[in-house]
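Colleague: Please take me slowly through one part of this model, the shell around the ligand, and what lies beside it. I am new to this, and I would like each term explained once.

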Amino acid sequence: EPPESPQHVENLFPSLPSLHIGHPEVHLRNGIMNASLMAHDGEPDAEKAFFVADLSQVYMQHQRWVSSLPEITPYYAVKCNPDPYVLRLLAALGAGFDCASNGEISQVLGIGGVHPSRIIFANPCKANSFIRNAGKMGVDAMTFDNIDELYKVARTHSRAKLVIRILTDDTKSLCQLGLKYGAPLVTVPALLAKAKELNLDVIGVSFHVGSGCYDPSVYSDAIARARSAFDMGKDAGFSFSLLDVGGGFEDSTFEQAASVLTNAINEHFPDRRNIKMIAEPGRFYVSKAFSLAANIIARRAPFPDSTEVAIGTSQPSVMYYINDGVYGAFNCILFDHQVVHPYVLSMNGSFHVPSSEPMSTCSVWGPTCDSIDCVCPKIELPMGLRVGDWLGFDNMGAYTVCAASQFNGFEVSKVVYTLGGSVVAAEVQSKLAAFAVEAHRF
Ligand code: PLP
C-alpha cells in the first residue's frame with residue numbers, strides 16, 4: 001500500500017535539511033519508496049540506511065520533564081546526540097546545555113540565541129586550552145574533581161564558577177562513570193580548601209549516577225551525599241547556590257526517578273530558596289525520537305563454525321548483512337551496552353508482512369569487513385526476507401549517530417526530520433519558528 005505523501009513545512013533554518021510533518025512511519029516508508037525509485041534509475045547507493053527523527057518526541061519528553069521535575073532546569077547533554085534540530089528545539093524550550101568540549105560549546109553558541117550562561121562545561125578533566133577558550137567564549141560554569149584542575153583554572157580562567165563533581169553510587173547503571181570521574185566525599189574538604197587558597201569561586205555540587213540508570217533509588221543516596229558536600233562547602237567558606245543532579249534518566253523509569261529525586265531534595269534541601277537546581281539529561285530526551293531503516297544488502301548461510309555466537313540449540317540458519325553496523329549507528333551496542341530489536345519494514349516490495357509468514361532464527365551483521373560488526377547474534381525474523389528488504393530499529397536516538405565512524409568507507413546514515421503526526425506537531429513548529437526569529441536577532 002502506498003504511504004501518505006509527507007508534507008514539507010517552511011524551512012525555518014535554511015542551512016539545515018527540510019522539515020516535514022507526519023508520523024515517522026510515513027517517513028520510513030517514504031524513504032524506502034524513494035530508495036526503490038532511485039535504485040530503478042540506477043542511482044548508486046540508492047538503498048542507503050537512514051534515520052527518521054521525530055522532533056515531537058523530544059518535545060513530549062520535555063513536557064514530561066517539566067511536569068515531574070518543575071524545579072530542575074534540564075541542561076541537555078549534547079554528547080548524547082548533537083543533532084542540530086534537537087539542539088534548536090531544546091534551546092527554544094528554554095533548556096540549558098551540558099557540553100564536554102570546546103567543539104560542543106562552539107556548536108551550541110553557533111546556533112545563535114543561546115547565552116553562554118546557559119552552558120555548563122561538565123567535564124571534570126579539561127585541557128588548559130579548553131578552559132581558556134571556554135572563558136573567552138563566556139562560559140564560566142565548569143566542573144572539577146581534582147587539584148590539578150584547580151591550578152589549571154586559576155591560571156587560565158580565574159573568574160570561572162566551579163562546580164565540584166562528587167562520586168556517587170553508579171553500580172545500578174549501564175555505563176558507570178564513577179570509574180573515571182567524581183571526587184569521593186573524603187577528598188572534598190581538601191579540594192575546597194585548595195580552591196579557597198587559589199581564590200577560586202566554587203558555586204555548587206554535581207554528580208552523575210551513571211548513564212542508563214535502571215535503579216532510580218540511587219538518586220536518593222546521591223542527594224544525601226550532595227547535602228554533605230554543601231555542608232563541607234559552608235565549612236570551607238563558600239556559599240553554594242547550584243545543585244546539579246546529572247543525567248542517567250531512563251524513559252521507562254523517569255517518573256519513578258523524578259519522585260525519588262524530589263523526595264530526597266525535600267528531605268535534604270528543605271530550604272532551597274537560594275539554590276538553582278539543574279540536571280544533565282541526555283538519553284531521556286532523544287532515545288525514542290530516532291528510528292533507523294537499514295537495507296538487507298546480502299544474505300548467506302552460516303558456515304558451521306561461524307555460528308559460535310549463537311546460544312542454545314536453535315542455531316541461526318541465515319546471516320543477513322545490512323548497511324549500517326557497529327562502526328556506524330550501532331556503535332551503541334559496543335559503547336552503550338545496548339541490545340537492538342529489528343523488525344521488518346518492507347519485505348518483497350511490500351510494507352505488509354503476512355502474520356502467517358514462518359519465522360526463522362537468524363543473525364544480523366553490519367557492512368564492514370570486520371567480524372566484530374554483529375548487530376544481532378540471534379533473532380527471529382520472517383523466513384522470506386531477501387536482499388533488498390528493509391529492517392527497522394526504534395529507540396536509536398541516544399549515543400548512536402554521534403559516535404558513528406566511516407570505517408571501511410561507509411557513510412554515516414543521514415537523518416530525515418519530521419515534526420510528528422500527533423497534535424503537538426503544530427506546537428513544535430511554532431516553538432521552532434519563534435526560536436528561528438530569536439536566533440536571528442541574537
Ligand atoms: N553528564 C555527563 C557529565 C555525562 O558524562 C553524561 C553521559 O555520559 C551525561 C550527563 C548524560 O547522561 P544520560 O544520557 O545517561 O542522561
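Modeller: What follows begins with the ligand and then moves outward.

The model is predicted, so local features need pLDDT of at least 70 and side-chain atom pairs count only at pLDDT 80 or more, while totals for chains, interfaces and linings use all residues. Residues are numbered from 1 along each chain as its sequence is written.

There are 17 residues around the ligand, and A77, S211, G247, E280 and G282 come nearest (a residue is near if its C-beta atom, placed from the backbone, lies within 6 Å of the molecule). This shell is made up of seven nonpolar, seven polar and three charged residues (Ala, Val, Leu, Ile, Met, Phe, Trp, Tyr, Cys and Pro are nonpolar, Asp, Glu, Lys and Arg charged, and the others, Gly among them, polar). At least two shell residues come from each of strand 11 (211-213) and helix 10 (283-286), where helices (H or I, at least four residues) and strands (E, at least two) are DSSP runs numbered from the N terminus.

Consider next K79, which the unreviewed UniProt entry lists as "modified residue: N6-(pyridoxal phosphate)lysine"; UniProt positions follow the numbering used here, feature names are shortened, and annotations may be inferred rather than shown by experiment. K79 lies in the loop between strand 4 (72-77) and helix 3. K79 counts as buried because it has 21 C-beta neighbours inside 10 Å (20 or more other C-beta atoms within 10 Å means buried, 12 or fewer exposed, and in between partly exposed, with C-beta atoms placed from the backbone). Apart from neighbours within four places in sequence, K79 is in contact with A100, E104, G282 and C402 (contact means that the C-beta atoms, placed from the backbone, lie within 7 Å). G282 is also one of the residues that come nearest to the ligand.

After the loop that holds K79 comes helix 3. Eight of the nine residues of helix 3 (residues 84-92) are buried, and therefore the helix is largely enclosed by the rest of the structure. Among its buried residues are Y85, R88 and A92. G94, whose phi is positive, near 90°, follows helix 3.

Helix 10 deserves its own look through F284, which is found in it. F284 is buried, because 25 other C-beta atoms lie within 10 Å. Leaving out residues up to four places away in sequence, F284 touches Q61, F249, E250, D251 and F254. Q61 is 223 residues from F284 along the chain, yet their C-alpha atoms are separated by 7.2 Å.

The unreviewed UniProt entry also lists C369 under "active site". C369 is in the loop between strand 17 (359-365) and strand 18 (374-382). Unlike K79, which is buried, C369 is exposed, because it has 8 other C-beta atoms within 10 Å.

To place these parts in the whole chain, the domain assignment, which comes from an automatic or database source, gives domain 1 (36-54 + 288-418) and domain 2 (82-281). Their centres, taken over C-alpha atoms, are separated by 37 Å, and seven residues of domain 1 are in contact with six residues of domain 2. On the side of domain 1 that touches domain 2, four residues are nonpolar, one is polar and two are charged.

Definitions and conventions: Two residues are in contact if their C-beta atoms, placed from the backbone, lie within 7 Å.
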